[in-house]
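This report describes how the interior of one protein chain is built. The sequence and structure come first, and the description follows.

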Amino acid sequence: MTRGVAPARPYTDAVPTGEAPVSAPEEEIFLNPFEPGFFDNPYAQYRRLREEAPIHQSPFGPWTLTRYDHVSALLRDPSLSVEDRNAPPTPRDQMIAGFDPERARRGDLAILNLDPPDHTRIRRLVQKAFTPRRVEELVPHVQELVDGMLDAAESAGRMDVIGDLAFPLPFAVISEMLGMPDADRDQLRDWSHTLVKTLEPILTVEEMPAMFEASDSMIEHVEGAIEWKRRQPADDLLSAMIAAEEEGDRLSTEELIAQVILLFIAGHETTVNLIGNSTLALLRNPDQLARLRAEPDLIGNAVEELLRYDSPVQFSRRITLVPLEIEGHRIEPGNFVFTVLGAANHDPAHFGPASRRGARTRRDTRGDRLARAAVPGDAARDGRARVERPPRPPRPRLTPGRPVLRALPCSYGLRSVAASWSR
Ligand code: HEM
């Protein structure tokens, strides 16, 4: 897919209702991020797909699943692969090969793109370093950072929810956790922002050179950081990953670089979206915000529900290695299958008809959302790792302005949400 993605622009209706009609009934319907209005409200298209074409092959190539049961089963099916080499080159691969054949042949060593046994081996080594204890230890510092950012915004009387909180918070946390030098943070942020687009199904030819440059610079930078940490190990995740060993096995430098870049990008881009989308959802559902303030113990449950309601990552993908039958559809080996998490997470057959109307901080969320993988550090994101501290006094009301979308179909979030305090 080489067509352009619409530039960021103001939201018109970002409430995930799935109510708006998206195309005339006789039109063929398929997952189409190019459809006008898709980024404003993808849930409308998702609803029609769930109802009319829950399993379909898009004219762009990949098969697409939108119902909860199908998505959930496919993501848990060990017969499928995540390694791109198991599918014929996509137009995107061909585009990269056209630019730089050597680069196209480089394997991807990040665990996100590896099958067992490589996935099992590398993940086990990373888990030795990325422990629940390391996450728990971060909590007081995270709380300090949040308090500082909110205090500054409150005294200014206004804030950009993304620029003043949702972005700097996870970025600072993952940078500090890995032990990346402070001086390099602006540079890392820019490369990471460029590189996150490599996780998207759509790339333009124009985006390629910047992508390659960011990738080369980030690899060089991380390699330098690894060399430095080898000489000066500290109490940080990168040093722990370098030292991680099991039965004489260690991560090679190439494997380390790939995991660090993955953790760096996955560790903040997704969380920026979660904080931004969730803050907006709560501001737009003041009854739920009031309830959460009154019952702060609901926070873990609320995070689960907000992950479902406006999912920070909207698609995942697998590749078939053997023929796959789903309700009469036969998918041959070597095909990409997109699982549309944002559609599955609004499937009324699983979540009930009310799931489309609003976020409910009290809904029983145990084990049903499909917004993310079970990865190291789960405790923090489940809201279990919370600091025990007296609640802050209620803040003045924050009124959101018109949010601006990032307009990426997979990593789904906001570029800015201007908001002002009213007393
Ligand atoms: C709102 C927060 C997050 C969301 C929505 C999210 C979402 C996802 C999704 C959808 C996947 C792919 C799942 C699959 O296809 O099976 C994934 C994988 C992954 N994520 Fe996250 N993620 C989040 C936070 C994080 C954080 C904070 C980190 C690290 C600091 C992280 C690291 C990873 C890693 C390493 C993988 C690959 C796991 C594997 O293949 O074993 N993620 N995430």
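A residue counts as buried if 20 or more other C-beta atoms lie within 10 Å of its own, with C-beta atoms placed from the backbone. In this predicted model, helix 14 has N301, A302, V303, E304, E305, L306, L307, R308 and Y309 buried. Because 9 of the 11 residues of helix 14 are buried, this helix is largely enclosed by the rest of the structure. Helix 12 and helix 13 (286–294) are among what covers the buried residues of helix 14.

The protein chain as a whole has 17 helices and 12 strands. Of its 423 residues, 37% are buried. Contacts between residues at least 6 apart in sequence join residues at least 24 apart in 74% of cases.

The largest nonpolar core holds 54 residues, and L178, M241, V260 and I261 touch the most other members. Several helices give two or more residues to this core, including those in the table.

| Helix | Residue range |
|---|---|
| helix 8 | 168–178 |
| helix 10 | 208–231 |
| helix 11 | 237–243 |
| helix 12 | 253–284 |
| helix 14 | 299–309 |

Helix 12 supplies the largest share of this core, 15 residues.

Which residues is L178 in contact with, leaving aside its neighbours within four places in sequence? They are D236, L237, L238, V260, L263 and F264. Apart from the largest core there is a second, separate core of 23 residues, with Y43, A44, V313 and A344 among them.

Definitions and conventions. Residues numbered from 1 in each chain as written. Predicted model: local features only at pLDDT ≥ 70, side-chain atom pairs only at ≥ 80, totals over all residues. Core = buried A, V, L, I, M, F, W, Y, C linked by C-beta atoms within 7 Å. Buried ≥ 20, exposed ≤ 12 C-beta atoms within 10 Å, placed from the backbone. Helix = DSSP H or I, 4+ residues; strand = E, 2+ residues; numbered from the N terminus. Contact = placed C-beta atoms within 7 Å.
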